[in-house]
Amino acid sequence: MDGIKVIVSFEQWEGNEPWHVIFEVDQSDSTAAVHAAFEIFNGVFQAVEEFIDVREPETVVFATKRDKLAGIYQTYLRKESATLEKLGYKLEEPRRVHE
């Protein structure tokens, strides 16, 4: 992706809690990251599909503290809902979790 570094992490915070998907984009060139946004999200979702295929988690949660990113997740997940259903998952409405 044009030299943009993206780190996708899958974390289980406590015991049998759901797996949380978190990703970070290297801040070295924010303009390049904006231009590659679709590629970044496609890569994140490819990583999620591979994780689901290997680990077969019951629940996967996309976590963020940023409202705008939560909106992007929601839009992208709705777009990918047919793929998620084929994998045996159902899409739930977003929930705000307070720390």
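Is H20 buried or exposed? Here are my notes on that, and on what surrounds it.

1. Start with the answer. This is a predicted model, and in it H20 has a relative accessibility of 8%. Buried means under 20%, so H20 counts as buried.

2. Now look at where H20 sits. You'll find H20 in strand β2, which covers residues 19-25. A polar atom of the H20 side chain lies 3.1 Å from the backbone oxygen of P18. If you skip the neighbours within four places in sequence, H20 is in contact with S9, F10, E11, W13, V61 and A63.

3. Next, follow β2 to its partner β1, residues 6-12. These two strands pair in the antiparallel sense, over seven bridges. One pair to find on screen is Q12 and W19, which are bridge partners. The two strands form a hairpin with six residues between them. Check G15 in the turn: its phi is positive, about 45 degrees.

4. β2 also pairs with β3, and here the sense is parallel, over three bridges. To spot this pairing, look for V21, whose bridge partner in β3 is F62. While you're looking at strands, here's a handy rule: in a regular strand, side chains alternate between the two faces of the sheet.

5. On to helix α2, with 19 residues. From first C-alpha to last, α2 reaches 27 Å, close to the 27 Å expected at 1.5 Å a residue. Its buried residues are I40, F41, V44, F45, A47, V48, F51 and I52. Looking down the axis of α2, you'd see these buried residues fall within an arc of 155 degrees, so they line one face of the helix. The face turned away from that buried side carries the exposed residues F38, D53 and V54. Right after α2 comes E56, with a positive phi near 50 degrees.

6. Helix α3, residues 67-79, can be read in the same way. α3 has 13 residues and reaches 19 Å from its first C-alpha to its last, close to the expected 18 Å. Which of its residues are buried? They are L69, Y73, Y76 and L77. Down the axis of α3, they fall within an arc of 100 degrees, so they line one face of the helix. Turned away from the buried side is a face with the exposed residues D67, K68, T75 and K79.

7. Finally, what do the buried residues of α3 pack against? They pack against β2, α2, β3 and α4. That brings us back to β2, the strand where H20 is found.

Terms used. Residues are numbered from 1 along each chain as its sequence is written. This is a predicted model: local features need pLDDT of at least 70, side-chain atom pairs count only at pLDDT 80 or more; totals for chains, interfaces and linings use all residues. Side-chain values use heavy atoms; hydrogens and water are left out. Helices (H or I, at least four residues) and strands (E, at least two) are DSSP runs, numbered from the N terminus. Buried means under 20% relative accessible area, exposed over 50%, partly exposed in between (1.4 Å probe, protein chains only). A polar contact is a pair of N or O atoms within 3.5 Å; within protein, one must be able to donate a hydrogen and the other to accept it, and residues adjacent in sequence count only if both atoms are side-chain atoms. Contact means heavy atoms within 4.5 Å. The expected span of a helix is 1.5 Å times one less than its number of residues. The arc is that of the directions from the helix axis to the C-beta atoms. Two strands pair if DSSP finds at least two bridges between them.
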